[in-house]
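Open your viewer and keep the selection panel at hand. This tour goes from stop to stop, saying what to select and what is there.

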Amino acid sequence: IALIAIFCGLMVPIAYTILHNSMYRNRIVEMKTATSLLAGRAADIYAGDADNPDALLPDLTKALSEVQQNGRSAVLVDSAGTVMVHPEESMMFRKAGEFPGGGPLMSGSEDCFEFRDDASRETIIACRAINDARGVRLAYMTRLSEIEAAGRPIALFMLAFAAAGLAAIGF
């Protein structure tokens, strides 16, 4: 009985870790796909608005704002490091290094990276795409807590199942 109790007790954190890692990997794959789609859409807007620079920024802002939901957002930075589109209007036309994640967006080599937002004290996951022809970088971001929140109900169910199993065997 003691071995069964120990097994049930160990299964919850092990299963949660496996579940969390699986959800994290799946989210990264989804974010890479979304980043590629956004980058393609931005490239189409650049190509379509090449003769009308006044329409470029509003069209880019509209396209990227469509993904801003549930803590997700997109940022577009030009080749000089100037923020062209950002979910916070106050960050537009400032240098990328002035917002959390701006440094890694401009200088890193990974497709996806994590950074800490000092204002919200949250870990943010960002995936980026670089358009060399236009000299822009696009990042699609989400909070790590979104991934963790998605697995919480399953973890609670597993914990309740383990507790019920222990109660059933009289431990």
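How many nonpolar, polar and charged residues does the lining of the largest cavity have? Eight are nonpolar, one is polar and none is charged. Bear in mind throughout that this is a predicted model.

**Stop 1: the cavity**

Select Ala39, Ala42, Ala43, Leu76, Ala129, Ile130, Asn131, Val136 and Leu138. Together they line the largest cavity. Asn131 is the polar member of this set, because Asn falls outside both the nonpolar and the charged lists. The space inside comes to about 40 Å³. The count of cavities of 30 Å³ or more is one. Now colour by element. α1, β4 and β5 each supply at least two residues of this lining.

**Stop 2: the pocket**

Next, show Ser73, His86, Pro87, Glu88 and Asp117 as sticks. Of the 19 residues that line the largest pocket, these five lie nearest its centre. Three strands give two or more residues to that lining: β3 (112–117), β4 (122–131) and β5 (136–143). Which of the elements gives the most? β5 does, with three residues. The volume of the largest pocket is about 400 Å³. Its lining is mixed: eight residues are nonpolar, six polar and five charged.

**Stop 3: Arg27 and its partners**

Select Arg27 and zoom in. How many salt bridges does the count come to? The total is five, and Arg27 takes part in more than a single entry on this tour.

Begin with Glu30. Its salt bridge with Arg27 has the closest N and O atoms 3.0 Å apart. Both residues sit in helix α1 (residues 2–48), three residues apart, or about one turn of the helix. In an α-helix there are 3.6 residues a turn, so residues three or four places apart point the same way.

Are Arg27 and Glu30 buried or exposed, or in between? Arg27 counts as buried because its relative accessibility is 9%, under the 20% cut-off. Glu30 has a relative accessible area of 47%, so it is partly exposed.

Now add Glu146. Arg27 forms a salt bridge with Glu146 too, and here the closest N and O atoms are 2.3 Å apart. This pair links distant parts of the chain: Arg27 is in helix α1, while Glu146 is in helix α4 (residues 144–168), 119 residues apart. Both Arg27 and Glu146 are buried.

Add Arg72 as well. Glu146 and Arg72 form a salt bridge, with the closest N and O atoms 2.4 Å apart. Arg72 lies in the loop between α2 (53–65) and β1 (73–77) and Glu146 in helix α4, so the pair ties together parts that are 74 residues apart in sequence. With all of these on screen, you have one network: shared partners join Arg27, Glu30, Arg72 and Glu146.

**Stop 4: along α4**

Stay with Glu146 and select the whole of α4. The buried residues there are Leu144, Glu146, Ile147, Gly151, Ala155, Ala162 and Leu166.

Where does α4 bend? The bend is at Arg152 and is about 35°. Pro153, a proline, follows within four residues.

Finally, set a distance between the end C-alpha atoms of α4. They are 36 Å apart. At 1.5 Å a residue, the 25 residues should span 36 Å, so the two values agree.

Note on methods: Residues are numbered from 1 along each chain as its sequence is written. This is a predicted model: local features need pLDDT of at least 70, side-chain atom pairs count only at pLDDT 80 or more; totals for chains, interfaces and linings use all residues. Side-chain values use heavy atoms; hydrogens and water are left out. On a 1 Å grid over the protein atoms alone, a cavity is a set of points where a 1.4 Å probe fits but cannot get out, and a pocket is an open set with protein on both sides within 12 Å along at least five of seven lines; lining residues have an atom within 4 Å of a point. Grid points are joined across faces, edges and corners, and a volume is the space filled by probe spheres set on the points. A salt bridge is a side-chain nitrogen of Lys or Arg within 4 Å of a carboxyl oxygen of Asp or Glu. Buried means under 20% relative accessible area, exposed over 50%, partly exposed in between (1.4 Å probe, protein chains only). The expected span of a helix is 1.5 Å times one less than its number of residues. The bend at a residue is the angle between axes fitted to the seven residues ending there and the seven starting there.
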